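I opened this model to look up two serines and the strands around them. My notes follow in the order of the lookups.

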Amino acid sequence: AYNGNGVSGNHDLEAYYLAGQVGFANGIWASASWTHFSSTFRADAAIDSIVGDLSYTTGPWLTSIGYAYTTAEKNNGLNSSFTDGDDLKASHYVIGTLVYNMAPGLDLFSELRYERDEFRQGTDFETSSLSVGSILNF
């Protein structure tokens with residue numbers, strides 16, 4: 001838990017976090033986490049996020065699918081930068097990842113992402129993207 005020093009009569013940050021991860025010998029991993037913000041610097045409105053992931057590794061390959069859900073109380077001060085959406089109600093993310101280890105410290109990856117933000121007022125925001133690239137670890 002963490003509690004900040006306050007801005008404009010609101011807490012900077014008051015957050016609680018709980019997470020777990022389980023791995024199996026056959027290369028399957030599962031994880032889940034929950035984050036609760038009692039308030040943010042924008043408003044004294046609670047925000048909760050739940051994230052889950054299921055991954056599989058075999059040889060040089062890793063594949064993963066994840067989902068994140070966020071819900072927020074009314075009058076939270078979270079507005080869209082892309083539409084006229086005001087007062088975030090819920091947010092959904094689905095992310096699929098594929099990674100190939102070419103050599104120690106060098107990976108190729110691709111990631112497909114879908115996002116939907118629902119607002120209490122105005123237009124919802126929806127997008128998807130595909131990213132490909134390389135990762136250099138040292």
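**Two serines and a hairpin**

I began with a side-chain pair: Ser 91 and Asp 117 are joined by a polar contact of 2.6 Å between their side chains. I note that the model is predicted.

I then placed Ser 91 in the fold and found it in strand 6, which covers residues 86-103. Is Ser 91 buried or exposed? I read a relative accessibility of 5% for Ser 91, so it counts as buried, the cut-off being under 20%. I listed its contacts, leaving out neighbours within four places in sequence: Ala 68, Tyr 69, Thr 70, Arg 116 and Asp 117.

Arg 116 sent me to the next pair of strands. I looked up its bridge partner in strand 8 and got Glu 126. Strand 7, residues 106-121, pairs with strand 8 in the antiparallel sense, and I have 12 bridges for the pairing. Three residues lie between the two strands of this hairpin, and in it Gly 122 takes a positive phi near 85°.

My second serine, Ser 129, is in strand 8, residues 125-136. I have its relative accessible area as 34%, so I entered Ser 129 as partly exposed, a class that runs between 20% and 50%. Which residues does Ser 129 touch, not counting those up to four places away in sequence? I found Glu 111, Leu 112 and Arg 113. For Glu 111 I also took the C-alpha separation from Ser 129, which is 8.1 Å, with the two residues 18 apart along the chain.

Terms used: Residues are numbered from 1 along each chain as its sequence is written. This is a predicted model: local features need pLDDT of at least 70, side-chain atom pairs count only at pLDDT 80 or more; totals for chains, interfaces and linings use all residues. Side-chain values use heavy atoms; hydrogens and water are left out. Helices (H or I, at least four residues) and strands (E, at least two) are DSSP runs, numbered from the N terminus. Buried means under 20% relative accessible area, exposed over 50%, partly exposed in between (1.4 Å probe, protein chains only). A polar contact is a pair of N or O atoms within 3.5 Å; within protein, one must be able to donate a hydrogen and the other to accept it, and residues adjacent in sequence count only if both atoms are side-chain atoms. Contact means heavy atoms within 4.5 Å. Two strands pair if DSSP finds at least two bridges between them.
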